[in-house]
Amino acid sequence: MHDFTYDDQGRLCCAEVPLERIAREIGTPVYCYSLPTLRRHIQAFEEPLAGIDHQTCFAMKANSSMAILTLMARHGLGADVVSGGELFRAMKAGIPASRVVYSGVGKTTSEIDMAIRAGIMMFNIESEQELGVINERAGALRKKAPVSIRVNPDVDPQTHPYISTGMKQNKFGIDIENSVRQYLRARDMEHIEIVGIDCHIGSQLTDITPFIDAVDRLKVLIADLRGLGIGFRYLDLGGGLGITYSSEQPPHPREYCAAIVDAVRGLDLKLIFEPGRVIVGNTAVLLTEVLYRKETGKKTFIVVDAGMNDLIRPALYQAWHEIMPVMRKDGPLEKADVVGPICESSDFLAKDRELPVLSRGELIAVMSAGAYGFTMASNYNSRPKPPEVLVDGSDYSVVVKRQSYEDLISGEAVPEGLM
Ligand code: LLP
């Protein structure tokens, strides 16, 4: 649940801070996070796991701002990383490498070296060839690399095809049929230590069944592996638990954790979780100002100052984000498209949406923007990335500054011959 409500003057607030104040002081577009909600969501995930041998590794791809990672570190969370850059951020934020799992199909040699040197908890192996390369690199560094195999269990997570990962047609993981062979290979590798088994089947799952189906398949595999004398410590179940954007009713983390704990009972393995969206998704809004109204006879467009470069989810996945006016409006509704300034027809934040009639200068909040919002922002159309602010009680701090025009070109060079 989120923490954005109207006060008695009809102002939409994040914790106790009216969003209108943030817009006035910091400008728009701006991502606004509620620190109390972040804390509550971490607790909501951790409380049901109290007493269970586990490590939660926050999926940094959902949000990797240093302030948020520092909060995760303070609460004892580790990180699920998918790049050297994420590993760098995690460690800078005080997350010990021993709490880092490294997933992703395209780990480069230098990223592998960095992670081996840092001493991460484990690599989640995504292909046969990657296993060989990690063995080689660990040998070159005179170390043993801890690995688990990311098994593709071929279950349908019933989510958007772009964010489904655990089916045969996806690029992720190693086929469940091939996994035993890879474990046997890994066992014979001099510089590999088998420490676990892993799977992640997709994101924004709103039903527990696919998770449990995946666990059931892994259980059969774990028994087969044990039969071959291959044992390990960790069972990594990835992330993927969904949130409410509109009317979805995903299981509460309490139900999710209870169902998993129940399904793995007796396996005697340390559970690793990689939640992203469920922790941060509903902790933030993207605050944006209406620039223009445009009526074409066919459609009404509300042109705002945030675009697909700031929040790409609607353009990329036709994702639905609720839109709330920052001053409560009780008048008539109209159907409109909320669009950004980018020169693409896919640049929309909402399509055919029933909204109060909005005029130039009014502010709106795009809800549930805390996961895969800022992390997917880009400089497309040479637009500086927006700032992020963290609200606590009646105050807030800027945790990521708005980029300047100078930031846009820093790092670029023009060869002398062109001048
Ligand atoms: N672990 C692995 C290996 C993953 O690939 C992912 C997400 C997660 C954990 C975290 O999943 P979560 O708990 O956040 O669902 N950009 C898309 C989502 C892409 C998810 C990719 N992998 C979106 O905006 O919906």
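## Backbone and core of a predicted model

Q: Asp154 is found in the loop between E9 and strand E10 (174-175); what is the phi of Asp154?
A: This is a predicted model, in which local features need pLDDT of at least 70 and side-chain atom pairs count only at pLDDT 80 or more, while totals for chains, interfaces and linings use all residues. Residues are numbered from 1 along each chain as its sequence is written, and side-chain values use heavy atoms, with hydrogens and water left out. Most residues other than glycine have a negative phi. Asp154 is not a glycine, yet has a positive phi of about 55°.

Q: Does Asp154 count as buried, partly exposed or exposed?
A: Buried means under 20% relative accessible area and exposed over 50%, with partly exposed in between (1.4 Å probe, protein chains only). Because its relative accessibility is 31%, Asp154 counts as partly exposed.

Q: Which helix gives the most residues to the largest nonpolar core?
A: A nonpolar core is a set of buried Ala, Val, Leu, Ile, Met, Phe, Trp, Tyr and Cys residues joined through side-chain atoms within 4.5 Å. The largest one has 102 residues, and Ile197 and Phe232 are among those touching the most other members. With eight residues, the element that gives the most to this core is helix H8 (residues 209-227).

Q: Between which domains does this core lie?
A: Domain bounds come from an automatic or database domain assignment. Both domains give residues to the core, so it lies between domain 1 (4-33 + 281-409) and domain 2 (35-279).

Conventions:
Helix = DSSP H or I, 4+ residues; strand = E, 2+ residues; numbered from the N terminus.
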